[in-house]
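Good morning, colleagues. Please look at the structure as it comes up, and I shall then take you through its sheets and helices in turn.

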Amino acid sequence: MPIPVCFMVMPFGKKLTNAETDKVPTQIDFDLLWDKVLRPMIQDDLKYMPIRADQDAGSLIIQAMIERLAISDLVIADLTIPNANVYYEVGVRHAAQRQGCVLIAADWSKPLFDVSQMRRVKYPLSDGAISDETAAAVKKALEMGIKQSISDTSPVFQTIPGFPDHVEPSQLQSFRDVACRLAAFQSEVSVARGLPPTAAANRVKELTRVYAEDAFTVPSIALDLTHLLRDTRQWDAALKFIDDLPPRVREVPKIREQRALMLGKLGQQVQAISELETLIRTDGDTSERSGLIGGQYKTLHDSAPDAESKSVYLNKTVASYERAMMLDLNDYYPSSNLPRLYRERGQDADERKAVTAANVAMLACERSRRRSPDDPWAALTLLGAAFDAADISSANRLFGEISEVVAAPFYIQSTIPDLRRSLSLLSDVEMSSAMASVLARLQRLLDPKGTVIALAGRRIDSNSANERRFPSENEAVVAARIRNMLVSAASQGVVCSAACGADILALESAAQLGLSRRVVLPFPRAQFRSTSVVDCGEDWGSRFDAIIKQLQSKDIIELNLQGRSDDAYATVNAKILDEAAGWASGTGRRALAAVVWNEFTRGATDLTDEFRQLAAERRLETITVPTL
C-alpha cells in the first residue's frame, strides 16, 4: 500500500515576525523548523511522506503547485506570519478536498481575520532559532492536534452543501439575489459619496435604514455604512449603528476600530484607547490601530489643563505615532503627524526626527498617489506638509487639487486641527497670514456659509501678577494669532465679552476683518468698564468705548446680574455659547468655540477653563489660541 503524502505549506528561510513584544522572537528560521520538527514528525509520527516545495523553485509552476495541493492526502499550512503564498495555497486546498487540511501557528501569532475564525493547532515558539528544547516543545504540541484535525471538513464544503457537483439551484439563485443587492448597495454608496455634505448626510441616513437588515448578515455592508456615517460626521448615529449589530459582525476588527474612533469623536478618548489596546492584544497591532491611539492621545494633550498632563500625553502621542510609522512606512498618516509634534515638544534631536518623519510621509504620500490617484487623504496630508514647511505655493496648488474633488467632511475636519497646529508654530507674520487664508478656503469646503465663533480668554496680566498668563508684551503677537484664527476658521461673526485682553483684541480683529460682533456683559456697561476693563489701564477703557460705540444696541447684551462676580461671569460663559449657537443656527452656519489662554488652568475657579469645558460638553469644536 503506497505511503500517503503530506504537502507542507510554509514560508522559507528566515522571516521577521514584526512583533512588538520581547516575548516573541524577532525572526523565525523556517528551514530549521522544517528540518528539526515538521519533516521528522510527519514522517515518523504521522506516517506520511513529507513534501515541501523546493525553496529555489519559487519557480514551481502554478500547475504543479495546484496538483500537489489538490492531490496530496494531507496538507499542513503554517500561518504563524502573514504570507500571501501560504494563504493562497490554503484556499486552493479548501476548494479542492473535503478533508485533510490542517492549519498550524505559533501560539502568539495574529492571523488575518478570515482565517482566525478557522480551527488552528497552536504550538509554543519562543526561540526563532529552533533550539533542541524548542523543537521538542513544538513537536509535543503539534502531533496530537494534527491527528485530531485531519478529518475536519473544509469550510468551503461545510458552507456549500453538495459542493462541487451537486449544489442546489435554489442556493445559486439565493447567491445571485445577494450579489444583485450588494451591487445595488455599492452603487448607492458611490452616489452618496459624491453628494454635497447636507445631501450626503440625509442620503446616508436613508441608506442606513434601507440596508440595516443586510448589515446584520454581511459585514462588508455594515463596514461601508459605518464609513458613510463617519464621513458625514454622524458620530452618535454611527456608534448606535455599530452597537446594534449582532456580535458576529460587531466584533469584526475593522468595525471595532471604527467604534473606537466614534468614541473619541464623542469625547470618550480614554475608553477609545482601552478598546484599541484590547483589539491589539487579541488581534495584533497595525499602523491603523496605533495611529488611532496616537490620535486619541493627541486630543487628550490638546485639552489637558496642566503642564504635567500635557507633557505625558504629548510623549504618549509621539510614541504611538512612532510605533505606527514603523509598523508600516507606506501608511503616511502616522509619519505626517510627527513633524509638528516633535517641534512642539522640542527635545534634543526632535528637529532631526521631524525632518526624517516629514520625508517618510512625503514619500509614502507620493507612492500612494501614483498607485491610487483617487486616495482622498493624500492631497490633504501633503497640504499639511506644505503648512509645516511654510510653502505657500504648494499649499495653494494642493488646495486647488482638493477643491476639484468632493472630499468627505470627515476628511477635511480631521485635517484642519493639524493645519491649525502648524499655523500656530509659524513665527513669520506675513507667512502665517497667507497660510491662514488658505486654511480659510479649506474651512469653507466644510462650512460654505462660514462659522460663528464663541470666544473667551485671559485678561491681560496686571503689573503685579505673580504668574504669567497673558503678559502685556505678548499683546501684538496674540492679536495676530486671534486674527489668523478668525480668518482661518472662515468666521462671519464673533460672540464674546469685552474685558481687557483677549476679548477686546478679538473684537478689534473682527472689526478689521469686517465681521459681525456681539458682546455679552454681566453688568451694565459702566460697571463692567470699571471692574473688568480700566483696572488694566485707561487705554483699554478707550478701546472698550470705541467698540461699544461701533455696535448696534441689539448686539450689546447686558445681563444686569447681581451677586458674586464669579457666578456672574460663569453665567456670561453660558450666554456666549447660547448666543453663538442661536446665531449660527439661524444663519445656516456652524458654531465653534475659541479659547485664548496660556493652556493651563488655575483650578476650580478658572472661568476661562470653565468656558472650555462647557464648550466641550456641548460638543463644540474648540480652537486654542495661546497667550504665551
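What covers the buried residues of α2? The cover includes β1, β5 and α3. Before I place these elements, a word on the basis of the description. This is a predicted model, in which local features need pLDDT of at least 70 and side-chain atom pairs count only at pLDDT 80 or more, while totals for chains, interfaces and linings use all residues. Residues are numbered from 1 along each chain as its sequence is written, and side-chain values use heavy atoms, with hydrogens and water left out.

Let me begin with the whole protein. It has 28 helices and 13 strands; these are DSSP runs numbered from the N terminus, with helices being H or I of at least four residues and strands being E of at least two. Its C-alpha atoms fill a box of roughly 110 × 55 × 50 Å, taken along the principal axes. Of the 628 residues, 48% are buried, where buried means under 20% relative accessible area, exposed means over 50%, and partly exposed lies in between, using a 1.4 Å probe and protein chains only. Among the contacts with a separation of 6 or more, 69% are between residues 24 or more positions apart; contact means heavy atoms within 4.5 Å.

I turn to the sheet beside α2. This open sheet has five strands in the order β4-β1-β5-β6-β7, with parallel pairing; two strands pair if DSSP finds at least two bridges between them. The edge strands are β4, residues 49-52, and β7, residues 121-123, and each pairs on one side only. Neighbouring strands are turned by 25° against each other on average, direction ignored. Such angles run from 0 to 180 degrees between N-to-C directions, and the axes are lines fitted to C-alpha atoms, for helices over the stretch in contact.

Within this sheet, β1 pairs with β4 in the parallel sense over four bridges, and valine 5 stands opposite methionine 49 in β4. β1 also pairs with β5 in the parallel sense over four bridges, where methionine 8 stands opposite isoleucine 76 in β5. Four of the five residues of β1 are buried, so this strand is largely enclosed by the rest of the structure.

Further along, β5, residues 74-78, and β6, residues 101-106, are joined in parallel over four bridges. Here aspartate 78 stands opposite isoleucine 104 in β6. How many residues of β6 are buried? Six of the six are, so β6 is largely enclosed by the rest of the structure. In a regular strand the side chains alternate between the two faces of the sheet. In β6 both faces are covered, with Cys101, Leu103 and Ala105 buried on one side and Val102, Ile104 and Ala106 buried on the other.

Two helices lie across these strands. Helix α2, residues 62-71, crosses β1, β4 and β5 and runs at about 125° to β1; its buried residues are Ala64, Met65, Leu69 and Ala70. Helix α3, residues 84-96, lies across β1, β5 and β6, at about 150° to β5.

Next, a pair of helices. The axes of α19, residues 378-388, and α22, residues 429-446, come within 11 Å and cross at roughly 160°. That makes α19 roughly antiparallel to α22.

Finally, there is a sheet of six strands. This open sheet has the order β11-β10-β9-β8-β12-β13, and the pairing is parallel. β11, residues 556-558, and β13, residues 622-626, stand at the edges with a single partner strand each, so one side of each is left without a neighbour in the sheet. The twist averages 20° from one strand to the next. Three bridges join β10, residues 516-521, to β11, and leucine 521 has glutamate 558 as its bridge partner in β11. Helix α28, residues 607-617, lies across β8, β12 and β13, running at about 155° to β12.

Where is glycine 457 placed? This residue belongs to strand β8, residues 451-457, and is buried, with a relative accessible area of 17%. Leaving aside neighbours within four places in sequence, glycine 457 is in contact with Ala502, Asp503, Val596 and Thr608. Glycine 457 and threonine 608 are 151 residues apart in sequence, yet 5.6 Å apart in space, C-alpha to C-alpha.

Methods
Angles under 35 degrees count as roughly parallel, over 145 as roughly antiparallel, 65 to 115 as roughly perpendicular and the rest as oblique.
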